[in-house]
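Hi,

Here is the structure I said I'd pass on. Have a look, and my notes follow underneath.

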Amino acid sequence: MDAKKIRILLVEDNMVDAAVTRRVLQHNHLTDLTTAANCREALAMLQAKSKADLPQLILLDINLPDINGIELLRRIKMDSKLRDIPVVILTMSNEDLDIQKSYDLGASSYLVKPISNEALMLVIGKLFSW
């Protein structure tokens with residue numbers, strides 16, 4: 001798969017998980033990655049950017065220390081500036097309620113950790129028609 005450079009925001013509080021995701025993306029030549037350790041930081045980053053500089057993809061954990069990732073997803077999808085950004089949930093939760101709520105709120109995909117390189121790249125490839 002020939003990956004193209006896309007701007008990605010990773011919202012992840014676990015430094016090990018963030019490092020693993022970063023390595024997968026770098027291995028696949030997707031290195032334009034910004035990280036936020038919590039939802040407030042992610043929201044501040046998103047609000048500060050012009051529409052042209054927004055991430056093209058958000059990778060979002062659910063279990064975060066401040067605001068639940070599902071709540072951040074809701075806020076993103078309610079914001080006219082942000083709603084068109086695809087959001088992929090990357091989480092330890094395989095609870096049916098979390099999965100259903102994520103899709104109901106507009107998540108593009110839901111992946112349960114540990115996530116394989118192949119699974120993540122397949123989802124990204126489908127989102128960007130590679």
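To start with a small one: in which loop is His-29 found? His-29 is in the loop between helix 1 (15–27) and strand 2 (33–36), where helices (H or I, at least four residues) and strands (E, at least two) are DSSP runs, numbered from the N terminus. Before you go further, note that this is a predicted model, in which local features need pLDDT of at least 70, side-chain atom pairs count only at pLDDT 80 or more, and totals for chains, interfaces and linings use all residues. Residues are numbered from 1 along each chain as its sequence is written, and side-chain values use heavy atoms, with hydrogens and water left out.

Back to the backbone. His-29 has a positive phi, near 65°, although it is not a glycine. His-29 counts as exposed because its relative accessibility is 61% (buried is under 20% relative accessible area, exposed over 50%, partly exposed in between, with a 1.4 Å probe and protein chains only). Ser-129, just after helix 5, also takes a positive phi, about 55°. Then there's a cis peptide bond between Lys-113 and Pro-114, with omega about 0°. Pro-114 sits in the loop between strand 5 (109–112) and helix 5 (117–127).

Now the strands. Strand 4 (87–91) is mostly covered, with five of its five residues buried. On one side those are Val-87, Ile-89 and Thr-91, and on the other Val-88 and Leu-90. Strand 4 pairs in the parallel sense with strand 3 over three bridges and with strand 5, again parallel, over four bridges; two strands pair if DSSP finds at least two bridges between them. If you want landmarks, Leu-60 stands opposite Ile-89, and Thr-91 stands opposite Val-112 of strand 5.

Both connections come with a helix. Strand 3, helix 3 (residues 69–78) and strand 4 form a right-handed β-α-β unit, and strand 4, helix 4 (residues 96–104) and strand 5 form a right-handed one as well. Right-handed here means that, with the strands pointing away from the viewer, the path from the first strand over the helix to the second runs clockwise.

Helix 5 has Leu-120, Met-121, Val-123, Ile-124 and Gly-125 as its buried residues. Their cover includes helix 1, strand 3 (57–60), strand 4 and strand 5. Over in helix 1, Val-24 counts as buried because its relative accessibility is 13%. Setting aside neighbours within four places in sequence, Val-24 is in contact (heavy atoms within 4.5 Å) with Asn-117 and Leu-120.

Last, the largest pocket, at about 180 Å³. A pocket is an open set of points on a 1 Å grid over the protein atoms alone, where a 1.4 Å probe fits, with protein on both sides within 12 Å along at least five of seven lines; lining residues have an atom within 4 Å of a point. Points are joined across faces, edges and corners, and the volume is the space filled by probe spheres set on them. Several residues from above turn up in the lining, including Val-24, Leu-90, Lys-113, Pro-114 and Leu-120. Helix 1 gives the largest share of that lining, four residues. By type, the lining divides into seven nonpolar, two polar and three charged (Ala, Val, Leu, Ile, Met, Phe, Trp, Tyr, Cys and Pro count as nonpolar, Asp, Glu, Lys and Arg as charged, and the others, Gly among them, as polar).

Cheers
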